[in-house]
Amino acid sequence: MNRRTEITVALLAVGLFASTVSAQGARGRGQGGAPLPQSVRPPRVARAANPADPFAAIKAATETPAQYQARYRYQALMDPGDPFHNWDGRLWNETWRGQWLAAHGKGRTFEQFWSSLQGMAGQSLILATPYPYKTAEEHWQSWRTAANGGRGPAKQAARPQDWSGQWEGGSAGNVLLRDYYAHASETYKPRYVMSIQAEIEGRHWWPADSCLPNAYGGAGTWAFRYVNFNGPLVHFNNPNPAYEGRYAMVGADFQPPDQSLATYMGEAIAFWDGNELVIYTKNLHPNMRGHGEAEYSDQMEMIERYMRVGDDLVVDVTRYDPVAYSAPQHTVGVFTRRNEYQVPIFNECVSTNNVYHDDKGWIADVAPGERGYKDIFDLTPWFTEWTKAEAAKKAGRAPRAPSIMEVAR
């Protein structure tokens, strides 16, 4: 991989990497400071005391959002028999610069190269759900029925809150590769191994490198920077590395199947339970995340519950995918409101993306001057192409076509 490709890929990957690292917290401790349980495999998760009111302890001020999040984390111990070498999602950072090809060039075997890559285990998520629900529909209907003291869903918060502004963090945290693998269905286990094999060889792929939305991470939460309310519309906006605009319609129902279309951010409906926003998302385009995160199928459906606590926005997420997952998955993210507010941008990479995958599956790029290069600094691309055409006509490589002004004389 050359230097230009490294820079381009780094810009695309930095958002994913930074959000993962910032959310890990101190090794061995949750963000609330309490020691995490230690084991090789994830401990059993305690059933929610009141599934219809998961934030009860936070509202009673007996638990902080960080402590609530720490319920679903553990300190993973080293496992000598782990086929993924105790790695988490940071494996890609040790392989994406072409390390395997460099090692091969020095005469090392793949077995020797892989043996030299050893992770440290550490903090990981407990993906098992604390809820008794078997499907997203059951989950949604249960929370709808219990909403607002049994009176049902509302179209606005009990006390309208200002969630507008810029938020950061939110990533649920790291997941060990072996824990992702354990939660994959038997059909998707080989697909997950293929994705990790590609990572090790440096044949990375993730949506943003092809100008697609990264959509939802394998850990269950997604990154956003801005939230806007507009009556029945809730808008989440994440502009980096590619624009990801997400909309939840409060009080609405899903479109009929013959009128719905799978999209990268899915179709979302919502209701208010007091000041807590509940969202149901489905009709998702199946999305390979890459970078060690597990993919999901087009059957994935997601139930989210948001609550603002001071400058924190806590989100409880449960994902149901009977095709890709062996069981429902659950995670918790905590976003923090920033004091300053940066102007939102619309970031697209189609016009500037010079990254592609070559015929061997490795990532490469088009250099300035090469065919197909997209120059962001070319303010008159039509004129550039016009001069190429004129040169082709003069050289006889294109049919003669004089200026219409000459024809008119």
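Start with the open sheet of 9 strands, which runs in the order S4-S12-S11-S10-S9-S8-S7-S6-S5 with mixed pairing. At its edges sit S4 (167-169) and S5 (226-230), each of them pairing on one side only. Step from one strand to its neighbour and you'll find a turn of 25° on average, ignoring direction. Keep in mind as you look around that this is a predicted model.

As a reminder, strands of a sheet pair through backbone hydrogen bonds, either parallel or antiparallel. For a parallel example, pick out S7 (residues 244-250) and S8 (residues 267-273), which are joined by 3 bridges. Here you can spot Ala 248 standing opposite Ala 268 in S8.

Now, what packs on this sheet? Helix H6 (residues 136-150) does, touching S8, S9 (276-282), S10 (301-309) and S11 (312-320). The direction of H6 makes about 25° with that of S8. Which residues of H6 are buried? They are Ala 136, His 139, Trp 140, Trp 143, Ala 147 and Asn 148, and the buried residues of this helix pack against S8, S9, S10 and S11. It helps to recall that an α-helix has 3.6 residues a turn, so residues three or four places apart point the same way. With that in mind, run your eye along the buried set again, from Ala 136 through His 139 and Trp 140 to Trp 143 and then Ala 147.

The length of H6 works out too: its 15 residues should span 21 Å at 1.5 Å a residue, and the end C-alpha atoms are 20 Å apart, which agrees. Just past the helix, Gly 152 takes a positive phi of about 100°.

Helix H9 (residues 381-394) makes a nice companion case. From first C-alpha to last, its 14 residues reach 20 Å, close to the 20 Å expected at 1.5 Å a residue. A glycine follows H9 as well: Gly 396, with a positive phi near 80°.

Next, have a look at Lys 189, which belongs to helix H8 (residues 189-201). Is this lysine buried or exposed? Lys 189 counts as buried because its relative accessible area is 12%, and the cut-off for buried is under 20%. Leaving out neighbours within four places in sequence, Lys 189 is in contact with Tyr 181, Ala 182 and Ala 184.

Finally, zoom out. The protein has 10 helices and 14 strands, and 48% of its 409 residues count as buried. Among contacts with a separation of 6 or more, 68% link residues 24 or more positions apart. The protein exposes about 20,000 Å², with carbon and sulfur atoms supplying 56% of that.

Conventions: Residues are numbered from 1 along each chain as its sequence is written. This is a predicted model: local features need pLDDT of at least 70, side-chain atom pairs count only at pLDDT 80 or more; totals for chains, interfaces and linings use all residues. Side-chain values use heavy atoms; hydrogens and water are left out. Helices (H or I, at least four residues) and strands (E, at least two) are DSSP runs, numbered from the N terminus. The expected span of a helix is 1.5 Å times one less than its number of residues. Buried means under 20% relative accessible area, exposed over 50%, partly exposed in between (1.4 Å probe, protein chains only). Contact means heavy atoms within 4.5 Å. Accessible areas come from the Shrake-Rupley method with a 1.4 Å probe; for residues, only the protein chains shown count as cover. Two strands pair if DSSP finds at least two bridges between them. Axes are lines fitted to C-alpha atoms, for helices over the stretch in contact, and angles run from 0 to 180 degrees between N-to-C directions.
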